[in-house]
Amino acid sequence: ACLDRIRQHDSQIGAFLKVMDDKALAKAEQVDKKRKAGEPLGKLAGVPVAVKDLLCTEGEVTTCASKMLENFVPPYSSTVIKKLEEADAVIIGKTNMDEFAMGGSTENSALGKTRNPWDTSLVPGGSSGGAAACLAAQMVPLSIGTDTGGSIRQPASFCGVVGLKPTYGRVSRFGLIAFASSLDQIGPMARTAEDTALFLEAISGHDPADSTSADVACPLFSKTVDQPLEGLRIGMVKEHFGEGLDGDVEKAVREAVKVYESLGAKVVDISLPHNKYGIATYYIIAPSEASSNLARFDSAHYGHRCDEATMLAELEEEKAALTAAGDEVGLKRMDTSLIRMYRKSRAEGFGPEVKRRIMLGTYTLSAGYYDAYYLKALKVRRLIREDYDKAFKSVDLIVGPTAPNPAFAAGSKTNDPLAMYLEDLYTVTANLAGIPAISVPCGLTGSGLPVGMHMQAPALEEDRLLRAAQ
Ligand code: GLN
């Protein structure tokens, strides 16, 4: 049924980069045999799952929606893929995303366009845009996303589904192609809080293969998700309801908070004074780490390689021109063929946003600027984290909008990177602090678009988030 649904609708939505029909059907049959034989079944037995295309999947092309990795077939599977297989889930396909997870609309994909199922003239959000769109279009019930600064939560908000960014370390990053390693987390996306709880349970847990994986027991979220929360204290951040927030989004969130109040929750006004530096801090730390992580794509170890004959011919031509001009300095400065291979391959393989991030990150890490930018950003990151520690002394959850606006028109922000970065206003600070956060649908705008409510909790309190969401 899921495959039929994909066949029927994905030509208009573009959620999938690849559908693994045969493998999915074979796995479904295998699980069904187990069921008939009365063998024990995994937590997600027979449930179709879509996976964002930056989790290494053995034997399947894993692209990060980049020309750089268009033909990359990993020789191993990420821990999350293995866990899904062990849980008897049916992996049905790989979803589209912003290239290397850099973006907020999925328009940075080099391999395809994804549109919002609520209105196909709008973006689905990003970078996990395909992951959110395939849920909203009811093509699959569960979908894996990743979140470095909001990439699970913002598309969940734009597409009217649930998306949870776990505590840093809750889910293994082994086999996840890295964007910014100190911020990246893999997380569950689904249509209900209950499904999200079971899904998180299946993919969480300590993994010795990821040195940042938290060595803590994983609670059975699905067993407690229905239990009400007594005496819940909800913090509303005053800085979150200021300039830049769309009126309809604000209204929907405030009305949702009233529902919590009517159920007995207490609303407390709080302040996160360093929140306003979130975007600036994130857009120094994330590109810095990206510039380092993406250095491995040199066309020798990984990734697209330029045509060598053309590259060598170009070098010869340059050499001839410099020789004819008697330019000794120019000749000395010429690339070796190895360096030219790296440069040309990377110039061809990476898209404009990825190049922008590599340049920003290389700059902020360079001698002379490191202290002024990168080190300063690390210090502000600490202040942002301390704001949360203080706030969570007086509240259990922090609630606000997930994104400043509902889904926007395709093309409307592609020429304005800063406008795109401001999409992450409310989400990046959870990554900087390493805490868990969820986006849940909380109503519609006047024109009928979904609005997401953002809830943040202290580290390892996903259970609280899921119960509140339910
Ligand atoms: N939109 C943010 C960025 O472009 C977040 C991306 C993400 O979470 N992967 O960096």
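Is Asp88 buried or exposed, and how many other C-beta atoms lie within 10 Å of it? Asp88 is buried, with 21 other C-beta atoms inside that radius. Keep in mind, everyone, that we're looking at a predicted model here.

Let me stay with Asp88 for a moment. You'll find Asp88 in the loop between helix 3 and strand 3, and its phi is positive, about 65 degrees, even though it isn't a glycine. Most residues other than glycine have a negative phi. So that's a backbone spot to click on.

Ala65 is another one. Its phi is near 55 degrees, again positive in a residue that isn't glycine. Ala65 belongs to the loop between strand 2, residues 48-52, and helix 3, residues 79-86. Is it buried or exposed? Buried: Ala65 has 33 other C-beta atoms within 10 Å, and the cut-off for buried is 20 or more.

Next stop, the loop between strand 3 (90-95) and helix 4 (129-136), where Ser127 sits. The peptide bond joining Gly126 and Ser127 is cis, with omega about 5 degrees. Most peptide bonds are trans, of course.

Carry on along the chain and you run into helix 4. How many of its eight residues are buried? Eight of the eight, so the helix is largely enclosed by the rest of the structure. The buried residues are Gly129, Gly130, Ala131, Ala132, Ala133, Cys134, Leu135 and Ala136. After helix 4 comes Gln138, and there phi is positive, near 55 degrees.

Now the ligand. It has 13 residues around it, and the closest are Ala101, Gly104, Thr148, Gly149 and Ser151. Sort that shell by class and you get four nonpolar, seven polar and two charged residues.

On to helix packing, and I've got two pairs to show you. The first pair is helix 6, residues 193-203, and helix 17, residues 462-469: their axes come within 8 Å and cross at roughly 160 degrees. Anything over 145 degrees counts as roughly antiparallel, so helix 6 and helix 17 are roughly antiparallel to each other. The crossing is left-handed. Helix 6 brings Ala193, Thr196, Ala197 and Leu200 to the contact, and helix 17 brings Glu462, Leu466 and Ala469. By class, this contact has five nonpolar residues, one polar and one charged. While you're looking at that spacing, remember that an α-helix has 3.6 residues a turn, so residues three or four places apart point the same way.

The other pair is helix 10, residues 308-324, and helix 12, residues 337-349. Their axes come within 10 Å and the crossing angle is roughly 120 degrees, which makes helix 10 oblique to helix 12. This crossing is right-handed. On the helix 10 side the contact is made by Glu308, Met311, Leu312 and Leu315, and on the helix 12 side by Ser337, Arg340, Met341 and Lys344. Those residues divide into four nonpolar, one polar and three charged.

One last residue before I stop: Glu314, which lies in helix 10. What does its neighbour count make it? Glu314 has 14 C-beta neighbours inside 10 Å, so it counts as partly exposed. And how far apart are the C-alpha atoms of Glu314 and Arg340? They are separated by 9.8 Å, with the two residues 26 apart along the chain. Arg340, you'll recall, is one of the helix 12 residues in the contact with helix 10.

That's my tour, thanks.

Methods: Residues are numbered from 1 along each chain as its sequence is written. This is a predicted model: local features need pLDDT of at least 70, side-chain atom pairs count only at pLDDT 80 or more; totals for chains, interfaces and linings use all residues. Axes are lines fitted to C-alpha atoms, for helices over the stretch in contact, and angles run from 0 to 180 degrees between N-to-C directions. Helices (H or I, at least four residues) and strands (E, at least two) are DSSP runs, numbered from the N terminus. Angles under 35 degrees count as roughly parallel, over 145 as roughly antiparallel, 65 to 115 as roughly perpendicular and the rest as oblique. A crossing is left-handed if the near helix is turned anticlockwise from the far one by less than a right angle, and right-handed if clockwise. Two residues are in contact if their C-beta atoms, placed from the backbone, lie within 7 Å. Ala, Val, Leu, Ile, Met, Phe, Trp, Tyr, Cys and Pro count as nonpolar, Asp, Glu, Lys and Arg as charged, and the others, Gly among them, as polar. A residue is near a molecule or strand if its C-beta atom, placed from the backbone, lies within 6 Å of it. A residue is buried if 20 or more other C-beta atoms lie within 10 Å of its own, exposed if 12 or fewer, and partly exposed in between; C-beta atoms are placed from the backbone.
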